Amino acid sequence: MNRLSTSWGAFTLTRFPEDPREQLRAWDAADEYLLGHLAESGTDLSGSVAVLGDRWGALVTALQAAGPAELVQITDSYLGGRATRANLARAGAAPGAVRLLTTQDAPPERIDVLLVRVPKSLALLEDQLHRIAPAVHEGTVIVGTGMVKEIHTSTLKLFERILGPTRTSLAVKKARLIHTTPDPALTPGRNPWPHRYDLPADTPAPGLPGLTVTNHAGVFCADRLDIGTRFLLANLPGGFGRARVADLGCGNGVVGLAIALAEPEAELVLADESYQAVASARDNFRAHVGDDRKVEFLVGDGLSELPAGSVDLVLNNPPFHSHQATTDRTARRMFTDARRALRPGGELWIVGNRHLGYHVTLRRIFGNSELVASDAKFVVLRAVRQPDREDAR
C-alpha cells in the first residue's frame with residue numbers, strides 16, 4: 001500500500017491484485033503533478049469530469065472527493081478497473097461516485113474537464129482522443145499528464161491534431177503536463193482504428209497465411225505479426241482432439257485462431273486483461289471461424305474465472321512490462337494461474353525472450369520445464385501440471 005496526499009485528502013492506494021511484497025506504487029509523479037495543478041489553478045470540477053487512462057484509479061479516487069456532478073473513468077485494463085474499485089471502497093466513496101467505462105464503451109456525451117493519463121501506446125491514445133472528441137466543447141478544460149519519457153512530439157501532435165492547440169509545462173519530478181485548448185472548428189479526420197492487415201504468406205501455421213486480422217488500438221504489435229508469436233506458431237503442439245485450450249494473454253487471438261483452424265474439435269478460451277485485445281480476438285475468430293464454434297472470450301484476471309483443473313492446454317506469450325516498469329511479476333502470475341487451471345497432466349507452453357530465464361520460474365511453479373525450441377532470441381518452453389496429493393485422493 002502507499003498513501004497519496006492531495007488537496008482533497010490523503011488516500012491509501014494499491015495496485016491489483018494486492019501484494020504486500022509489491023514495490024511498485026499505485027500512483028506516480030505524473031498523477032501527483034496533475035492533481036496538484038487542478039487544485040492550485042482552481043479548476044472548476046463541479047461539472048462532468050472524464051479521466052482517460054487512469055492506471056490504478058489514483059486520479060478518480062482523489063477527484064471523487066471534490067464532488068463533481070459526474071466523474072467517469074475510461075480504461076482498457078481490467079486489472080486497473082479492479083484496483084480502482086478497491087481504492088474507491090477504501091476511500092469511503094459513495095456507490096456510483098465514479099462511472100467506470102472501458103475503452104470499448106461509448107464515451108460520455110458531454111465533458112467539461114478532460115484529464116488524460118498518457119498511455120504507453122500512442123495508437124490507443126489516438127483512438128481514444130478520436131472517440132472522445134465529440135464530447136469536448138469550447139469551454140472544456142483539457143489537461144494531460146505523463147512522465148517525461150512518455151511524452152513525445154508525436155504525443156503532442158495527436159492532442160493538437162484531434163483536439164486543438166497544445167503546449168507542455170515545465171518538468172517536475174520528471175513529469176510533465178499537457179495543456180490543450182479545444183478548437184470546435186477542428187476537423188481531425190476519421191479514426192484509423194481498428195487497423196487491419198493480412199498475415200504474411202510465410203506465417204508458420206496451417207490456414208493462417210493471407211488471412212486478414214483486425215487489431216483494435218493498443219494491442220501489441222498492431223500492424224504486423226510479432227516475432228515472438230511467429231516463433232510460437234512455428235512450434236505449436238497438435239493432435240489433441242477435443243481438448244480445452246486456453247490462449248492466455250491472447251492479444252489479437254492469432255494463436256487461438258491457429259489452434260481453432262488446425263484442431264476442429266478443440267474448445268477454445270481466449271483471455272486477456274485488455275478490453276481492446278479481447279475485442280480484436282473476438283472479431284478475428286468470428287471472421288475466420290464463425291459463430292458456431294465453441295469458444296469463450298474472457299476479459300479478466302487471467303484464467304481466474306475458470307474452475308481449477310478445467311483446461312488441458314495453456315498457450316502463453318507473457319509480457320515483461322507493467323506500463324513503463326520492467327518486471328516478471330505478470331509472467332509469474334500467469335504461470336501460477338495456468339497451473340491452477342490445468343488438469344493433472346495438462347501442459348503450459350510459453351514463448352519468451354531467452355534472457356528472461358523463464359525455465360527457472362517454471363521449475364519453481366510446476367517442478368519441471370522442458371525446452372521445446374530455441375533460436376538466437378526466443379525459447380519455447382513446456383511445463384506439465386503434476387498431480388497434487390489432493391488430485392490423487
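**A mixed sheet, a helix and two cysteines**

Strand β4 (residues 70–75) is joined to β5 by four bridges, and the two strands run parallel; strands here are DSSP runs of E with at least two residues, helices are DSSP runs of H or I with at least four residues, and both are numbered from the N terminus. Within this pairing, Gln73 has Leu100 of β5 as its bridge partner. The model is predicted, so local features need pLDDT of at least 70 and side-chain atom pairs count only at pLDDT 80 or more, while totals for chains, interfaces and linings use all residues. Residues are numbered from 1 along each chain as its sequence is written, and side-chain values use heavy atoms, with hydrogens and water left out.

Following the pairing further, where two strands pair if DSSP finds at least two bridges between them, one arrives at an open sheet of seven strands with mixed pairing, in the order β5-β4-β3-β6-β7-β9-β8. Its edge strands, β5 (99–102) and β8 (166–168), each pair on one side only. From one strand to the next, the twist averages 20°.

Helix α1 (residues 29–40) lies across β6 (111–117), β7 (136–147) and β9 (175–180), and runs at about 50° to β9; contact means heavy atoms within 4.5 Å, and angles, from 0 to 180 degrees, are taken between the N-to-C directions of axes fitted to C-alpha atoms, for helices over the stretch in contact.

Turning to the cysteines, a disulfide is a pair of cysteine sulfur atoms within 2.5 Å, and by this rule the count is zero. Cys221 is in no disulfide, as its nearest cysteine sulfur, that of Cys250, is 15 Å away. Cys221 is buried (under 20% relative accessible area, with a 1.4 Å probe and protein chains only; exposed is over 50%, partly exposed in between), with a value of 13%, and Cys250 is buried with a relative accessible area of 7%.
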